[in-house]
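This report looks at a few parts of one protein structure, and it is best read with the structure open beside it.

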Amino acid sequence: KCKTLTMAEEVKLYGTWSSPFSRRIELALKLKGVPFEYIEEDLSNKSPELLKYNPAHKKIPVLVHNSKPIAESQVILEYIDEIWNNNPILPQDPYQRAMARFWGKFIDEKVLATRMKANFAEGKERELVTEEFFQQMEFLENELNGKDFFGGETIGFVDIVAIVVAIWFPLTQEVLGVDTFTEEKFPVLFKWIRKITEIDVVNECRPPREKHLAYVKARIEDLKSASK
Amino acid sequence: MATKVKVLGFWCSPFVFRVVWALKLKGVEFEYIEEDVFNKSTRLLELNPVHKKVPVLVHDDKVIVESFVILEYIDETWPQDPLLPQDPYEKATARFWAKFADEKLMQTACKSTWTKGEEKEDALKATMEALEKIEGELKGKSYFGGENKYAYLEIAIGWINYLLPIWEEIASIQFLDPKRFPAITAWKSKFLDNPLIKETLPPREKLLIYFHERVKQWEIDATIRELAETKLEN
């Protein structure tokens, strides 16, 4: 809760502490110094506000700006960048913007699904999907090459989206006891992970490690027992 | 120096149509190159190594892929006849619904054509729910947002006007019941009457033949998957 909000400007974020989609919105708002009210949702008992603000998907995150709701994390990120144009997240040039949007989409629509499958598939399917995962990570590795961040010298749209790779991937891997996503295979990505997780505001917006570990362990147990 | 714009596409792809419609709306000249997506060219694989798909937009030496990414690039590069509204909130709304239609409507509608029994019922139900939400967005407007303010969204969702009727016929199902979806029906009629749209759409017969074959193939693929899964269980 922030006391510097005036009557004219009201920013609310409905999210959950463990969701990378929710956390990326917090990060964007913090990067731009936008005061906001954060509302933690219990996804097993969704608030009437959440259902009212996102009837199509009933999901977090939802940003509510002066009573107007916006849903879908990448749509929200673009909105934030347009309303508050200090510390821009997206580049100015249309082609660079297209590249940023392309990689953002690639991560959310392809990499996340492949990673999930690779973690839980078995036998031959696991082999194939893991290979696909490696190919996808190679593309990201090559995209970074020579740059500190996907955004260049400072973090940008793709970095913000890719934090799920920097923080959530290694953590899940630790819980599962697998070692597919390694520094040996992806030295450039791991260098980027080190750099981005040194940034204060990034660390302010990540789930606390112990709580996160416990949460991921519990979710994996649920998944395992559900499939029996 | 004249800029060169090329579009690599496939004759009936809804994703490719978005790009073609956007460029035509803005009066941007382009060269269209037909790709055989069942036998992909080296050119396509080189231009889109990550996804290996159409559409691909080539603008001078710049290559852009993914239809929504291309639409935004087109709108920012050629600002005449804007696709997206100026207001950030309205822009977000257009982007949200375009994504929604691809994720919730396209997959389920397609699935309704090749699945059977309970799976088909579920796919149909999900398609209707998605259409209802889009109907809600359209209500009271003849075009999305009125006066073509949401050209982006029309272009993004326009595929339903030429593809859904084809799938309806092939699978003997009904998606676009005019009584249930009066706003979509009114919009569909205006959309298909638009000369710009008319001149791009392939002949109905050609679409029917093509999708008849595709639906058969999707059914076969599903059966193969089922057999493979049964084998694994035994």
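## Cysteines without partners

A disulfide is a pair of cysteine sulfur atoms within 2.5 Å, and in chemical terms a disulfide is a covalent bond between the sulfur atoms of two cysteines. The structure described here is a predicted model, and over all its chains it holds zero disulfides. B:Cys110, for example, is in no disulfide, since the nearest cysteine sulfur, that of B:Cys12, is 11 Å away.

Are these cysteines buried or exposed? Buried means under 20% relative accessible area, so B:Cys110, at 16% relative accessibility, counts as buried. By the cut-off of under 20%, A:Cys205 also counts as buried, because its relative accessibility is 5%.

## A covered helix in chain A

Helix H3 of chain A, which spans residues 73-83, is mostly covered, with nine of its 11 residues buried. The buried residues of H3(A) include A:Ser73, A:Gln74 and A:Val75, and the list runs on through A:Ile76, A:Leu77, A:Glu78, A:Tyr79, A:Ile80 and A:Asp81.

What do the buried residues of H3(A) pack against? Within chain A, their neighbours are helix H1 (20-31), strands E3 (62-65) and E4 (68-71), and helices H4 (94-120) and H6 (157-176). Chain B takes part as well, through its helix H4 (88-114).

## A strand with two covered faces in chain B

In a regular strand the side chains alternate between the two faces of the sheet. Strand E3 of chain B, residues 56-59, has both of its faces covered: B:Val56 and B:Val58 are buried on one side, while B:Leu57 and B:His59 are buried on the other.

E3(B) is joined by four bridges to strand E1 (residues 5-9) of chain B, and these two strands run antiparallel; in this pairing, B:Val5 stands opposite B:His59. E3(B) also pairs in the antiparallel sense with strand E4 (residues 62-65) of chain B, again over four bridges, and here B:Leu57 stands opposite B:Ile64. E3(B) and E4(B) form a hairpin that has two residues between the strands, and in this hairpin B:Asp60 takes a positive phi near 55°.

## A nonpolar patch on the surface

On the surface, A:Met116, A:Phe120 and A:Leu223 make a nonpolar patch of about 270 Å². One of these residues, A:Leu223, lies in helix H9 (residues 209-226) of chain A. Partly exposed residues have a relative accessible area between the limits of 20% and 50%, which is why A:Leu223, at 42% relative accessibility, counts as partly exposed.

Definitions and conventions
Residues are numbered from 1 along each chain as its sequence is written. Chains are lettered from A and ligands numbered from 1 in the order in which they are written. This is a predicted model: local features need pLDDT of at least 70, side-chain atom pairs count only at pLDDT 80 or more; totals for chains, interfaces and linings use all residues. Side-chain values use heavy atoms; hydrogens and water are left out. Buried means under 20% relative accessible area, exposed over 50%, partly exposed in between (1.4 Å probe, protein chains only). Contact means heavy atoms within 4.5 Å. Two strands pair if DSSP finds at least two bridges between them. Patches are made of residues with over 30% relative accessible area and no salt bridge: like charges are joined within 9 Å, nonpolar side chains (Val, Leu, Ile, Met, Phe, Trp, Tyr) within 5 Å. Accessible areas come from the Shrake-Rupley method with a 1.4 Å probe; for residues, only the protein chains shown count as cover. A salt bridge is a side-chain nitrogen of Lys or Arg within 4 Å of a carboxyl oxygen of Asp or Glu.
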